[in-house]
Amino acid sequence: MTNAKETAGQIEYYSRAMKAPRIREAAARLAEQARETGWTHEEYLAAVLSREVAAREASGAEMRARAAGFPARKSLEDFSFDHQPGLKRDTIAHLATGAFLTEASNFVLLGPPGTGKTHLATGLGLRATQLGHRVLFATAIDWVARLQAAHQGGRLPQELVRLRRYGLIIVDEVGYIPFEQDAANLFFQLVSSRYEHASLILTSNLPFARWGDVFGDQVVASAMIDRIVHHAEVITLKGSSYRLKHAQTDSLPSTRPENTAE
């Protein structure tokens, strides 16, 4: 019969061979507990393997979060719902389940600067990485620059196909800077390529009615909005800037009262 030392050596060898170091650590840590509480062999094995899987999932989520390009790590748990009393917690909780990602649906946040749009977008993006989805975050201007570089290099179709492998793309700050016609067409291609295939989260300080001004073409803007909202949750945040709350400033000059989803 193999003694305890030999068994420990075998477990160490197997864990190295499987590139699963947590199995060795968990096996030793849980062995005594298993003996004391009378676990079956199957229960002990399941407990050991669960530690390895949990560690791998956490490591994978961290790698996906780093690769996403978030400007800062902002979780949904840290969001101040008190500053947005009209925002339903249940709506955000449902989005946090990731169901909209499996359905290739979109989420759009409209509202004045400083009302929490980027925070919510980032929080949902982080949650998506924890659920196993690949995510990319960038501002609308940065996305256009990326698409322009691909177009100029003659690889736009390949880039759009590659981006479609990401379960979620976040486009922040749509509307802060108007697009030229070529840029608007490239952005339209990004939206079209993901339509009913993969999800988008977009944030904008402007209502949809003013997107024609941003993209320089009402027809292009209308076609884009049609694809975005066909399968989407659209939320309009209201109020003054949370960032200026403690600066005794009620609003920003760019804040417009007509911010609605209409």
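Helices here are DSSP runs of H or I with at least four residues, numbered from the N terminus. With that in hand, helix α9 of this predicted model is a good place to start. The helix covers residues 181-194, 14 residues in total, and is followed by E196, whose phi is positive, near 65 degrees. From its first C-alpha to its last, α9 reaches 20 Å, close to the 20 Å expected at 1.5 Å a residue.

Much of the interest in α9 lies in its surroundings. The buried residues of the helix are A183, A184, L186, F187, L190, V191, S193 and R194. An α-helix has 3.6 residues a turn, so residues three or four places apart point the same way. The cover over the buried residues of α9 includes helices α7 (140-152), α8 (156-163), α10 (211-215) and α11 (218-230), together with strands β3 (168-174) and β4 (199-204).

For the wider setting, an unreviewed UniProt entry places the feature "domain: AAA+ ATPase" at residues 103-236. Over residues 103-236 the chain is 50% helix and 21% strand, and the end C-alpha atoms of this stretch lie 22 Å apart.

Attention now turns to the second largest pocket, which has a volume of about 300 Å³. Its lining is formed by A4, T7, A8, I11, R24, A27, A28, A31, A34, R35 and Y44. Both α1 (4-17) and α2 (21-37) supply at least two residues of this lining, and α2 provides the largest share, six residues. By class, the lining of the second largest pocket has eight nonpolar residues, one polar residue and two charged residues.

Definitions and conventions:
Residues numbered from 1 in each chain as written. Predicted model: local features only at pLDDT ≥ 70, side-chain atom pairs only at ≥ 80, totals over all residues. Heavy atoms only, no water. Expected span 1.5 Å × (residues − 1). Buried < 20%, exposed > 50% of the residue type's maximum accessible area, 1.4 Å probe, protein only. Contact = heavy atoms within 4.5 Å. UniProt positions renumbered as here; feature names shortened; annotations may be inferred. 1 Å grid on protein atoms, 1.4 Å probe; cavity = no way out; pocket = protein on both sides within 12 Å on 5 of 7 lines; lining within 4 Å. Points joined across faces, edges and corners; volume = space filled by probe spheres on them. Nonpolar A, V, L, I, M, F, W, Y, C, P; charged D, E, K, R; others polar.
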